[in-house]
Amino acid sequence: MLRFPAEWEPQRFIQLTWPHAGTDWAPMIDEVNQCFVNLALAILRFEPLLVVCADADEVRQLLREGAGDALSNRIHFAELPTNDTWARDHGGITVFADNQRMIYDYAFNGWGQKFEASLDNELTRKLVETGALGQWNENRFEVEHPAGQAHSSNDNTSIVYRDCLDFVLEGGSLESDGNGTLLTTSECLLSKFRNPSYTKEMIEHRLKEELGLSRILWLNHGYLEGDDTDSHIDTLARFCDRDTIAYVRCDDPVDAHFEALRLMEEELKSFKTFSGQPYRLIPLPMADAAYDAEGNRLPATYANFLIVNGAVLMPTYGNPFKDEMAINQLKLAFPDREIVGVDCRTLIEQHGSLHCVTMQY
């Protein structure tokens, strides 16, 4: 039996793919390094961290300056070449087959061929081959490669690697309740630049077969200006438990997003839980409009939070009133978890935020 776990289930570690001077972050590398240090330290309060990077010594020094050596045994470094930093979309996707943990490696093509992504597309396979995704197992680690060869380390719990590189799929486009329901957007999954030979019915069938889903809830409305992902669900609406969805609501009728997000809200109200009841909906405030140097709006969103063991890490954007409002709303959704704000004003300069640069395993 296949099952796509929910993000709130117990995690082994979080992956960060660290910025370097060969990425689009080059003009602001110091600022983004500091942002990643802050995020890494927030994660390390709750669980271990896998850092994929170009230079482990350099990143190790940055983290040492932030926290000393106290957390060094909770970090594993993997030096691999990368195009960019968006681990949510090039990272492996965890699926369970009964008690067997599997890592699905879907193709990443730069959000519909918008950006070069060939190195990022190879990352999950290389992490498997080097044993980086097995370092955190409690026993023996064993990986089945596409060719059927196995790689083992010193652990004794097996992981199966599944090559799904014939299909483009990004982690940011998937929201699972861990019980067979997937929440996603038609704008992204039906993009002709991802899987042009697939119809909606074919995509549904494949996702149900591979992720063990019983149903897919499609949102046909909702977007953020400046978003390169074609409306990833993790920018708009998120499962908080099996019966609760937090989502972005715009209350300003003159804002460009108002109508699309109003229609998205109506769609969410129409969805039913497995028991046939309406979902408990928790609105998140629309983040203040932020713009780049050319005057283009950036996709700031409080929905781009990360659930970790015992906490929720939420992006903040420099407006204390709005940030606190969003934190209080997430406290309603996650009463038993600490809500931790992380300043992500730097991340939205490259059109992503906190959830976009992380992947849980």
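Author: Before we start, one bit of vocabulary: Ala, Val, Leu, Ile, Met, Phe, Trp, Tyr, Cys and Pro count as nonpolar, Asp, Glu, Lys and Arg as charged, and the others, Gly among them, as polar. Also keep in mind that this is a predicted model.

Reader: Okay, how do the residues of the lining of the largest pocket divide into nonpolar, polar and charged?

Author: The pocket itself has a volume of about 440 Å³. There are 26 residues lining this pocket, and Pro5, Ala6, Glu7, Thr94 and Gln360 are the closest to its centre. By the grouping above, Pro5 and Ala6 count as nonpolar, while Glu7 counts as charged. Sorting the whole lining that way gives 12 nonpolar, 7 polar and 7 charged.

Reader: And which strand gives the most to that lining?

Author: Four strands each supply at least two lining residues: strand 5 (93–97), strand 10 (175–176), strand 13 (237–241) and strand 21 (358–360). The one that gives the most, with 3 residues, is strand 5.

Reader: Let's talk rings. Is the aromatic pair of Phe13 and Tyr361 stacked or edge-to-face?

Author: A search of the whole structure turns up 11 aromatic pairs, so let's check the angle for this one, since planes under 30 degrees apart count as stacked and over 60 as edge-to-face. The ring centres of Phe13 and Tyr361 are 4.9 Å apart, with 15° between the planes. That makes the pair stacked.

Reader: How many residues apart in sequence are the parts that this pair ties together?

Author: Phe13 sits in the loop between strand 1 (2–3) and strand 2 (14–17), whereas Tyr361 is in the segment after strand 21. Phe13 is buried at 0% relative accessible area, and Tyr361 is buried too, at 6%. Because of where the two rings lie, the pair ties together parts whose separation in residues is 348.

Reader: What about Phe239 and Tyr279: what kind of aromatic pair do they form?

Author: Both Phe239 and Tyr279 are buried. Phe239 belongs to strand 13, and Tyr279 to the loop between helix 9 (258–270) and strand 15 (280–285), so their pair links parts 40 residues apart in sequence. With 5.9 Å centre to centre and 50° between the planes, the pair is tilted.

Reader: Which ring does the charged end of Arg60 sit over?

Author: There are two arginines to mention here. Arg238 lies over the face of Phe305, at 4.3 Å from the ring centre. Arg60 has its charged end 4.5 Å from the centre of another ring, that of Phe77.

Reader: Is Gln113 buried or exposed?

Author: Gln113 is found in helix 4 (residues 110–113), and its phi is near 65°, a positive value in a residue other than glycine. Most residues other than glycine have a negative phi. As for accessibility, the cut-off for exposed is over 50%, so at 59% Gln113 counts as exposed.

Reader: What relative accessible area does His351 have?

Author: His351 also shows a positive phi, about 70°, although it is not a glycine. You'll find it in the loop between strand 20 (338–343) and strand 21. His351 is partly exposed, and its relative accessible area is 23%.

Reader: Last one: what distance separates the C-alpha atoms of Leu16 and Gly91?

Author: Leu16 lies in strand 2 and is buried, with a relative accessible area of 0%. Not counting residues up to four places away in sequence, Leu16 touches several residues, including Phe36, Leu39, Val52 and Val357. Leu16 and Gly91 are 75 residues apart along the chain, yet the distance between their C-alpha atoms is 9.3 Å.

Key. Residues are numbered from 1 along each chain as its sequence is written. This is a predicted model: local features need pLDDT of at least 70, side-chain atom pairs count only at pLDDT 80 or more; totals for chains, interfaces and linings use all residues. Side-chain values use heavy atoms; hydrogens and water are left out. On a 1 Å grid over the protein atoms alone, a cavity is a set of points where a 1.4 Å probe fits but cannot get out, and a pocket is an open set with protein on both sides within 12 Å along at least five of seven lines; lining residues have an atom within 4 Å of a point. Grid points are joined across faces, edges and corners, and a volume is the space filled by probe spheres set on the points. Rings of Phe, Tyr and Trp (its six-membered ring) pair if their centres lie within 6.5 Å; planes under 30 degrees apart count as stacked, over 60 as edge-to-face and the rest as tilted. Buried means under 20% relative accessible area, exposed over 50%, partly exposed in between (1.4 Å probe, protein chains only). A charge sits over a ring if NZ of Lys or CZ of Arg is within 6 Å of the ring centre and within 35 degrees of the ring normal. Contact means heavy atoms within 4.5 Å.
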